[in-house]
Amino acid sequence: AVLERLRDPAGMLTYIPFRTHGDSKVIASLVNSGKFDYINIHAHFFGAYTAQDNWPVVQAAKERGMGVFIISPSFQGGRLHNPSDKLSALTAPLKPAEFHALWLLSQPGVCTISLGVETTAEMEAARATVELLPIAHELLPTIENRLRRAVQEALPGQWQSSWWEGIPTAWDEDC
């Protein structure tokens, strides 16, 4: 209620955001509450292979006209700053972090991603990646298909769709 009063055009706030690492069901309820304008959440390329899949939340936020900021895409999106040789080969000619940044920024509803750069060289690499956005539609499909095939080859289909069943989450009452 306090934030809503401050949102008044004559007040201090224009937009009310929220950030969470919470369960996707809780995030969805906050998005659908209509009380927020912007969200900061985790959602990643490999999110479709996890129980904590936030892509439906991103879609719901898009439908409500909310901004979506993806947090920690390189670190919690697979520690892409220090990729394996296999992952690097699968995302070539892009580096894994470059692929992931382009893929995220190409997703409907995603407005912003955090980069977490620490050096001038990392900032330059991020700038170069953003400059690839106009041709992302040419670069991404081949890499995305290669990555999905690798997942399918490494992990049987039934396992992919159920590996998390029976594993408690931090949000389970008995955990």
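Contact here means heavy atoms within 4.5 Å. I apply this to a predicted model.

**Entry 1. Ser114**

I looked up Ser114 first. Ser114 is found in the loop between E4 and H6. Setting aside neighbours within four places in sequence, I listed its contacts as Phe69, Ile70, Ile71, Ser72 and Pro73. I then checked for a polar partner: the side chain of Ser114 reaches the backbone nitrogen of Ser72 at 3.0 Å. Is Ser114 buried or exposed? Its relative accessible area is 23%, so I recorded Ser114 as partly exposed, because buried requires a value under 20%. I also took a C-alpha separation: Ser114 and Asn40, 74 residues apart along the chain, are separated by 9.8 Å.

**Entry 2. Strand pairing**

I turned to the strands. Strand E2 (residues 38-41) and E3 run parallel and are joined by 4 bridges. Within this pairing, Ile39 has Val68 in E3 as its bridge partner. E3 is also joined to E4, again in parallel, by 2 bridges. Here I noted that Phe69 stands opposite Thr112 in E4.

**Entry 3. Ile39 and the nonpolar core**

Which residues have the most contacts inside the largest nonpolar core? I found Val31, Ile39 and Phe99, in a core of 33 residues. Helix H2 (24-32), E2, H3, E3, H4, H5 and H7 each supply at least two residues of this core. In soluble globular proteins, nonpolar side chains tend to be buried together. I then listed the contacts of Ile39, leaving aside neighbours within four places in sequence: Phe18, Val31, Val57, Ala61, Met66, Gly67, Val68 and Phe69. Val68, the bridge partner of Ile39, is thus in contact with Ile39 as well.

**Entry 4. Helix H5**

I examined helix H5 (residues 96-105) for cover. The helix is mostly covered, with 8 of its 10 residues buried. I recorded these as Pro96, Glu98, Phe99, His100, Ala101, Leu102, Trp103 and Leu104. Against which elements do the buried residues of H5 pack? They pack against helices H3 (55-63), H4 (85-91), H6 (120-130) and H7 (136-154), and against strands E3 (67-70) and E4 (112-113).

**Entry 5. Tyr15**

I closed with Tyr15, which lies in the loop between helix H1 (2-6) and strand E1 (17-19). Its relative accessible area is 60%, and I therefore recorded Tyr15 as exposed, since the cut-off for exposed is over 50%. The C-alpha atoms of Tyr15 and Leu3, 12 residues apart along the chain, are separated by 9.4 Å.

Key. Residues numbered from 1 in each chain as written. Predicted model: local features only at pLDDT ≥ 70, side-chain atom pairs only at ≥ 80, totals over all residues. Heavy atoms only, no water. Buried < 20%, exposed > 50% of the residue type's maximum accessible area, 1.4 Å probe, protein only. Pairing = 2+ DSSP bridges. Core = buried A, V, L, I, M, F, W, Y, C linked by side-chain atoms within 4.5 Å. Polar contact = N/O pair within 3.5 Å; in protein donor to acceptor, adjacent residues only side chain to side chain.
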